[in-house]
Amino acid sequence: MEAQMTTTTTAPRFQEFWRVFRNNYMGLVGFMMLVVAIIVAILAPVLSPYDPSSTLNVTTTDIYNPPSAAHWLGTDDAGQDVLTNFIFGARVSLTIGFFAAFISLVIGGVLGIIAGFYGGRTEELIMRFTDIMLVIPDLPLMMVVIALTKPSIFNIILVIGLLYWTTTARMVRSQTLAVKSRKFVLRARAIGSSKRHIIRRHILPLVLPILVVQAVLVVSSAVLAESTLSFLGLGDPTALSWGQMLNYAFGRGAMSTGAWWALVVPGFGIVWVVLGLTLLGQGLEQVLNPRLDTHHLMPGRPVVRNEANEDAEKSTGKSPLLEVRNLSIHYVNNGKPPARAVENISFNLQEGELIGLVGESGCGKTTLMLSLLRLLPSAGQIVNGRVLFNGRDLTALTEDELNSVRWSGISIVFQGAMNALNPVRTVGEQIAEAIIKHLPGFPKENLSARVVELLDLVGIAADHKDHFPHQYSGGMRQRAMIAMALACNPQVIVADEPTTALDVMIQAQILELLDRLRKKLGLAIIFVTHDLGVVAEMCDKVLVMYGGVTAEYADVDVIYNNPKHPYTQELLKAFPDLTKPKKKLSSIPGYPPRLDALPAGCRFAPRCPAAFKRCHTDPPSLHKLGDGHIASCHLLEASS
């Protein structure tokens with residue numbers, strides 16, 4: 001079924017490509033020039049006026065004869081027809097160019113993708129070897145290798161292919177780094193896709209355009225390299241190429257006899273092919289090479305645990321579906337203090353419950369959410385705490401074990417749906433991807449119907465299944481992300497600001513959809529937002545974060561009617577209340593603290609209107625103020 005879906009979208013993709021490409025005159029001219037050269041090479045026996053291997057009836061008077069009716073482009077030093085040699089020479093030059101380019105692209109593409117995707121020591125080793133190869137002059141090295149081996153077409157192809165991969169490797173590595181940081185790759189990791197699957201289905205399709213462009217340019221470089229080697233006398237003496245024709249002409253007196261045609265004709269062929277390939281490569285680059293937006297999210301490091309600081313407090317009452325205990329996350333930067341993005345955060349999530357996570361930008365909300373499935377940036381480390389899902393500690397699982405939880409147990413609706421969807425694959429394909437990964441026994445013939453069912457669940461018509469993300473509106477893309485999150489019937493959905501950049505009406509529709517699905521399917525939802533009105537209307541509990549720590553955690557009614565932390569109080573003052581139209585809104589002065597340069601004492605103290613001397617020296621403890629009500633403030637010590 002997946003193959004069928006891919007086939008149905010191939011023709012529209014090609015039609016779209018051709019529609020754009022035919023308006024690129026530079027690329028179109030280059031394409032036509034290359035087609036002419038290829039046709040000449042393929043139809044050489046038909047187009048050539050003479051047999052290139054025949055030397056019958058050739059006398060000394062036939063040497064270097066100028067162009068005539070019998071020989072349109074004259075004869076060479078052997079009395080053979082230059083036009084015939086030129087036509088058959090195209091075969092050798094183009095064959096060497098294409099096959100050598102193929103070898104170099106395979107080597108450079110594989111090494112570039114491995115280096116860019118895996119990073120670390122693997123990347124360092126590959127790129128340092130690439131740098132060494134780059135500083136070695138190609139031509140002298142090729143001359144030495146060919147001179148030490150038997151000059152043949154195979155050896156020339158092999159040597160050029162083995163020495164021309166370095167530029168491809170660097171370009172592919174750079175593109176892979178850009179692609180793997182996109183949110184749709186993070187989403188693929190979140191659904192538990194293997195590294196091989198991510199490379200094949202997500203990295204390669206977006207790296208392929210630059211490989212296509214590079215392939216065209218490498219062919220031209222290979223044709224030039226073969227011509228140069230042949231001109232220097234290192235070509236295959238049994239195969240006549242354009243470079244070999246130049247070698248014979250220069251070495252056998254064409255210049256001294258004024259036989260310009262023996263030089264101009266093969267030179268024209270080389271220039272024609274190289275110019276055509278260059279124009280085609282430039283045109284393809286303009287059409288195929290997308291401008292990829294980068295994002296800071298990258299594959300995370302393994303969990304580093306600090307058992308000495310682990311809080312062993314056991315939960316009481318009904319076991320929560322998801323339990324986060326004293327979770328701490330640092331971003332490590334060599335030679336600099338770690339950025340303490342999250343410290344000692346705890347909360348519980350029951351079945352069917354919706355918890356709101358609020359706070360200003362930079363307070364650690366997204367970091368906390370990504371840590372639940374260990375999708376942190378590469379510098380992120382969980383240094384303390386546990387994440388218990390159905391009693392299993394997710395921070396202690398292997399990557400394969402965690403993949404069985406991702407998307408089938410906990411799924412994520414990422415902020416900015418356009419960046420979380422692969423632009424070169426249809427929305428239906430991307431929804432089906434999660435089903436194929438986690439439900440291998442799912443009948444393939446029912447896969448399309450399941451995709452349609454999920455889209456219908458979020459209010460998207462079935463005929464939009466085969467559309468690409470750019471063909472969706474902002475609201476539809478967000479609905480598609482929700483449909484994707486529901487694909488494997490998860491128990492928990494993390495919604496990371498799902499209404500960002502949407503207009504008010506669409507925001508309301510998305511929020512209503514999430515609430516309806518929660519009640520219909522019994523989902524538990526963690527909702528990250530800046531909108532306190534949404535929190536008041538939808539959430540059961542609220543976790544207020546500031547500077548990576550818990551400011552206040554309680555039921556939504558307690559947070560709105562009896563907030564205890566000064567930060568929560570200041571946030572509510574900045575929120576309009578329609579029941580109090582004369583209420584003046586106020587903003588909190590200053591900005592959240594830098595996580596790698598946190599203030600001493602309470603992190604909110606520099607902006608807190610109620611701060612006193614102790615607030616600037618001693619970090620506050622978490623105080624239990626009632627049933628499930630927790631806040632961290634020195635002013636609350638007497639109340640706890």
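Angles under 35 degrees count as roughly parallel. That cut-off is handy for the opening view of this predicted model.

**View 1. Helices α17 and α19 pack side by side at about 25°.** Helix α17 covers residues 427-438, and its axis lies 9 Å from that of α19. With the angle falling under 35 degrees, α17 and α19 are therefore roughly parallel to each other. As for handedness, α17 and α19 make a right-handed crossing. Which residues bring the pair into contact? From α17 come V427, Q430 and I431, and they meet A480, A483 and M484 of α19.

**View 2. H464 sits in the loop between α18 and α19.** That loop follows α18 (447-457) and leads to α19 (474-485). Is H464 buried, exposed or partly exposed? H464 has a relative accessible area of 22%, so it counts as partly exposed. Leaving aside residues up to four places away in sequence, H464 touches Y472 and M476. Have a look at T426 too: H464 and T426 are 38 residues apart in sequence, yet their C-alpha atoms are 9.2 Å apart in space.

**View 3. Strand β1 pairs with β2 and also with β4.** Strand β1 takes in residues 322-331, and 9 of its 10 residues are buried, so the strand is largely enclosed by the rest of the structure. On one pairing, 7 bridges link β1 to β2 (residues 339-349), with the two strands running antiparallel. Here E323 stands opposite N348 of β2. On the other pairing, β1 and β4 (residues 380-389) are joined by 8 bridges, and these strands run antiparallel as well. I329 has I382 in β4 as its bridge partner. A general point to keep in mind while looking at the strands: in a regular strand, side chains alternate between the two faces of the sheet.

**View 4. Cysteines C602, C615 and C633 without a disulfide.** How many disulfides does the structure hold? The count is 0. Why is C602 unbonded? The closest cysteine sulfur to that of C602 belongs to C615, and at 6.0 Å it is too far away for a bond, since a disulfide needs the two sulfur atoms within 2.5 Å. C633 is in no disulfide either, and its nearest cysteine sulfur, again that of C615, is 6.1 Å away. As for exposure, C602 counts as buried because its relative accessibility is 12%. C633 comes out at 7% relative accessibility, so it counts as buried too.

Notes. Residues numbered from 1 in each chain as written. Predicted model: local features only at pLDDT ≥ 70, side-chain atom pairs only at ≥ 80, totals over all residues. Heavy atoms only, no water. Buried < 20%, exposed > 50% of the residue type's maximum accessible area, 1.4 Å probe, protein only. Helix = DSSP H or I, 4+ residues; strand = E, 2+ residues; numbered from the N terminus. Pairing = 2+ DSSP bridges. Contact = heavy atoms within 4.5 Å. Axes fitted to C-alpha atoms, helices over the stretch in contact; angles between N-to-C directions. Parallel < 35°, antiparallel > 145°, perpendicular 65-115°, else oblique. Left-handed = near helix turned anticlockwise from the far one by under 90°.
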